[in-house]
Amino acid sequence: MLFSSIPFLYYFLPCVLILYFVVPKCLKNAVLLLSSLVFYAWGEPKYVLLMVASITLGYIFGLLIEAFRGTKLAKLFLILSVVTSIGLLGYFKYADFFISNFNAVTGLSVPLLKIALPIGISFYTFQILSYTVDVYRGEVPAQKNYITLAAYVALFPQLIAGPIVRYSDVAAQLESRTHNFSNVALGTRRFVIGLAKKIMIANALGELCDIFRASNDKSVLFYWLYAIAFTLHIYFDFSGYSDMAIGLGKIFGFDFLENFNYPYISGSITEFWRRWHMSLGSWFRDYVYIPLGGNRVSKARWFLNIFIVWMLTGFWHGAAWNFIVWGLFFAVLLIIEKLWLLKPLKKSKVLGHIYVMFFVIISFVIFNATNMKEAFTYIGGMFGAGGIPFASTEWLYYLRSYGVVIILGIIGATPLVKKLVTKAKEKPVVEKIINVLEPVVLVVLMVVMTAYLVDGSFNPFLYFRF
């Protein structure tokens, strides 16, 4: 079930909200768990059992780790927790990748398993892992109530595409959280803004990307138009989902951490990754990079740690070589920055921004390719390889057709609008006008977006693939 769908917006969500706010406090987590299981089962009922099995294992291992804390058995149970969680993720997400590469290397023909990827498995696996690791470290107590832990892992607002919510960040809220009109209003506003980013910008740019792929009239400028469109598409698609997840969390009394902070205004790749998919970046930092030794090791080992983390970051996104190359691409850039570029980049924000956007755009061409051959073809096309024309009739037509959306996307990817509104609110009269108009604008947006959805336009969530 998609957040940006009629069944979710006008059937599922209203029913859940009514039930959630009607039941007493002691049953609210149970309602969230039940509704989350229904939400997940909507698309693939059989994989609910997999998620429940993963939660149950995490629950049992958490209790065992705490019961034997300070002994070798605690470490054994942690290892078993990691192995089972990674094992399930590896089997369902990566088995065919390894079999395909084994066949390519050996010349054998081991049949592929052709297993469907359970939606959200990458996210809820990392949440279970962070829980058991934090219990082992003594940072949080093991959760004794199965329903409470299951509600945390299965929580439908962030189940499918994040952000990755750590148990330690919401442990207190799972036991007791505040519900009031102010939180509902703030959450609703955030949700509607995220929905608008998804439907009105991401979907339109996704259509343009599909049009480019199907085109037989490609040119250098058309390749660049595609690359820029996809760079904006993935941002608005994923950050829009995160906005909706954070908004829904707020309505239900949870304060989820931010996942994006205007990454396209960054002046370095280092800064970019402090602003992009922040929950994933911090997860790899705390559970992989620092345990490997971080930067408190020899320079050679430090670089190896960076390569390991970024290879895993890429591989987490998908079982294909282009994702691994995408991760390693950033590893190389980050190492170059740490050795030579960070200081020069700080001297010129304009050059730093151009540099960041150039390499980010190239990286997302690699990210969205079906394989590395296509990635090289597309990057080559952006620089005129193969004698393709510089411009084409199609490029000009689609630039005119989607130019307004691209401009809106570029503006929306910066804090410009937010700053203007904040500045305007400094005047009491203007603030009152904005406060009156805001609900009207949100209602109008919902009407317009409903019309889009009823029309049945392009509406997939990109990160469902991962």
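Which residue forms a salt bridge with Arg-213? Keep that one in mind while going through the points below.

1. First, a caveat: this is a predicted model. Everything below should be read as computed from that model.

2. Now the opening question. The partner of Arg-213 is Glu-374, and their closest N and O atoms sit 3.0 Å apart. This pair links distant parts of the chain, with Arg-213 in helix H9 (residues 181-214) and Glu-374 in helix H16 (residues 372-382), 161 residues apart. Arg-213 is partly exposed at 26% relative accessible area, while Glu-374 counts as buried at 17%.

3. Have a look at Asp-286 and Arg-166 too. They form a salt bridge whose closest N and O atoms are 2.8 Å apart. Asp-286 belongs to helix H12 (residues 278-289) and Arg-166 to the loop between helix H7 (156-159) and helix H8 (167-175), so the bridge ties together parts that are 120 residues apart in sequence. Both ends are on the buried side of the cut-off: Asp-286 has 15% relative accessibility, and Arg-166 has 12%.

4. For a local pair, take Glu-271 and Arg-275, with closest N and O atoms 2.9 Å apart in their salt bridge. The two residues lie in helix H11 (residues 269-275), four residues apart, which is about one turn of the helix. Glu-271 is partly exposed, its relative accessible area being 24%, whereas Arg-275 is buried at 17%.

5. How many salt bridges are there altogether? The count comes to 12. Some charged residues are joined up further: Arg-190, Lys-197, Asp-243 and Glu-258 are linked in a network of salt bridges. As general background, side chains of opposite charge can pair when their charged atoms come close.

6. On to the nonpolar side of things. The largest nonpolar core has 147 residues, and the members touching the most others are Phe-8, Phe-156 and Tyr-264. Helix H10 (residues 220-251) is the top contributor to this core, giving 20 residues.

7. Phe-156 is worth clicking on. Leaving out residues up to four places away in sequence, its contacts include the phenylalanines Phe-3, Phe-8, Phe-12, Phe-39 and Phe-252. Phe-156 also touches Leu-13, Val-16, Tyr-241 and Leu-248, plus two serines, Ser-35 and Ser-36.

8. What about empty space inside? There are two cavities of 30 Å³ or more. The largest has a volume of about 80 Å³. Its lining includes Leu-50, Leu-57, Leu-88, Ile-121 and Tyr-124, along with Ser-54, Ser-81, Thr-84, Ser-85 and Thr-125. Helix H3 (47-67), helix H4 (72-106) and helix H5 (121-137) are the elements that give two or more residues to that lining. By class, the lining splits into six nonpolar and six polar residues, with no charged ones.

9. The second largest cavity holds about 30 Å³ of space. It is lined by Ile-55, Gly-58, Tyr-59, Ile-128, Tyr-131, Leu-149, Tyr-152 and Val-153. Here H3, H5 and helix H6 (146-154) each supply at least two lining residues. This lining has seven nonpolar residues, one polar and no charged. Gly-58 and Ile-128 appear in the linings of both cavities.

Definitions and conventions: Residues numbered from 1 in each chain as written. Predicted model: local features only at pLDDT ≥ 70, side-chain atom pairs only at ≥ 80, totals over all residues. Heavy atoms only, no water. Core = buried A, V, L, I, M, F, W, Y, C linked by side-chain atoms within 4.5 Å. Buried < 20%, exposed > 50% of the residue type's maximum accessible area, 1.4 Å probe, protein only. Contact = heavy atoms within 4.5 Å. Salt bridge = Lys/Arg side-chain N within 4 Å of Asp/Glu carboxyl O. 1 Å grid on protein atoms, 1.4 Å probe; cavity = no way out; pocket = protein on both sides within 12 Å on 5 of 7 lines; lining within 4 Å. Points joined across faces, edges and corners; volume = space filled by probe spheres on them. Nonpolar A, V, L, I, M, F, W, Y, C, P; charged D, E, K, R; others polar.
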